[in-house]
Amino acid sequence: MLIDDAKGSLAALRTAIKEEQQVKTRSDMNVGDIVYQCMDRNDGLTLKGDYNTRYKYFVIVGKKSNGDAIGLCLINSDLDFYKNNPDRQRFQYILKQTDYPTILKKDSRLDCTDLVEMKVRKSVAVKAEVVGHLTADDEAKVLPLVASSDYIGMHQKKVYRIGQKQ
């Protein structure tokens, strides 16, 4: 827990940073961005227990040409989730915590087998935050991995310009 100063400068700084990261328009979300957002079952999440929503980190891997929707892959902390499914395992990309220390608590995987489609207006409505961007090395490996994924249909790849120049 941070201890605030008497004038509240730290709280004001935190608010300003959060405001700067908040998605306000379609131009705020770009391929390679890491976004933190509240998501629900309508977004394709499988929620357990009494949860109706969950905050998730994801990476934008594609964007419609008009910019009104994004294609994204979810970041998950369970590295062994597909350990018994070697075909899916080959489309999991490990993001190192040391490369993203303000975002990840531990090494995590980007699931490049499932493309989630989302309207940008939803991200604006739930006040999503762009919290970072893939490193150049990770971006150079992730985007071709997504483009080569057998689990993402050719139509989706075309709509979100995956494997094409953005």
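Here are some exercises with worked solutions on this predicted model.

## Exercise 1: Getting your bearings

Work out how many helices and strands the protein has, and in what order they come.

**Solution.** Start with the count: the protein has 5 helices and 7 strands. Next, walk along the chain from the N terminus, and you'll read off α-β-β-β-α-β-β-β-α-β-α-α. Then check burial, where 39% of the 166 residues count as buried. Finally, look at the contacts between residues with a separation of 6 or more: 64% of them join residues 24 or more positions apart.

## Exercise 2: Following β3 through its partners

Find which strands pair with β3, in what sense, and over how many bridges.

**Solution.** Take the partners one at a time.

- Step 1: β2 pairs with β3 in the antiparallel sense over 5 bridges. Within that pair, G62 sits opposite G71 of β3. The hairpin has 5 residues between the two strands, and among its residues G67 takes a positive phi near 80°.
- Step 2: β6 (residues 116-119) is also antiparallel to β3, with 4 bridges. Here L72 has V116 as its bridge partner.
- Step 3: β5 runs antiparallel to β3 as well, joined by 2 bridges. Look for N76 opposite R109 of β5.

Now ask how covered β3 is: 8 of its 8 residues are buried. For β6 you get two faces, a covered one with V116 and M118 and an uncovered one with E117 and K119.

## Exercise 3: Finding the nonpolar cores

Identify which residues of the largest nonpolar core touch the most other members, and which elements give two or more residues to this core.

**Solution.** The largest core holds 22 residues, and the ones touching the most other members are V61, L95, L110 and V146. Sort the contributions by element: β2 (53-63), β3 (69-76), β4 (92-95) and α4 (136-148) each give two or more residues.

Then zoom in on V61. Skip its neighbours within four places in sequence, and its contacts are V31, G71, L72, C73, L115, V142, L143, V146 and I162. There's also a second, separate core of 17 residues, and L45, I60, V120 and A128 are among its members. As background, nonpolar side chains tend to be buried together in soluble globular proteins.

## Exercise 4: Lining the largest pocket

Determine how much space lies in the largest pocket, which residues are closest to its centre, and how the lining divides by residue type.

**Solution.** Volume comes up as about 990 Å³. The lining has 29 residues, and R54, K56, I75, N76 and S77 are the closest to the pocket's centre.

Go on to the elements. β2, β3 and β5 (108-111) each supply at least two lining residues, and β2 has the largest share, with 5 residues. Splitting the lining by type gives 14 nonpolar, 6 polar and 9 charged residues.

## Exercise 5: Two tyrosines in loops

Decide for Y100 and for Y51: buried or exposed?

**Solution.** Begin with Y100, in the loop between β4 and β5. Its relative accessibility is 4%, so Y100 counts as buried, the cut-off being under 20%. What does Y100 touch, once residues up to four places away in sequence are set aside? The list is I34, L95, H133, L134, T135 and D138. Of these, take L134: it lies 34 residues from Y100 along the chain, yet the C-alpha atoms are separated by 8.5 Å.

Now turn to Y51, in the loop between β1 (33-40) and β2. Y51 has a relative accessible area of 56%, so it is exposed, that class starting at over 50%. Compare positions with D40: Y51 and D40 are 11 residues apart in sequence, and C-alpha to C-alpha they are 8.8 Å apart.

## Exercise 6: Positive phi without glycine

Say where K127 and R161 are placed and what phi each has.

**Solution.** K127 comes first on the list. It's in the loop between α3 (120-125) and β7 (129-133), and its phi is positive, about 60°, although K127 is not a glycine. With a relative accessible area of 54%, K127 is exposed.

Then there's R161, in the segment after α5 (154-159). R161 isn't a glycine either, and its positive phi is about 55°.

Note on methods. Residues numbered from 1 in each chain as written. Predicted model: local features only at pLDDT ≥ 70, side-chain atom pairs only at ≥ 80, totals over all residues. Heavy atoms only, no water. Core = buried A, V, L, I, M, F, W, Y, C linked by side-chain atoms within 4.5 Å. Buried < 20%, exposed > 50% of the residue type's maximum accessible area, 1.4 Å probe, protein only. Contact = heavy atoms within 4.5 Å. 1 Å grid on protein atoms, 1.4 Å probe; cavity = no way out; pocket = protein on both sides within 12 Å on 5 of 7 lines; lining within 4 Å. Points joined across faces, edges and corners; volume = space filled by probe spheres on them. Nonpolar A, V, L, I, M, F, W, Y, C, P; charged D, E, K, R; others polar. Pairing = 2+ DSSP bridges.
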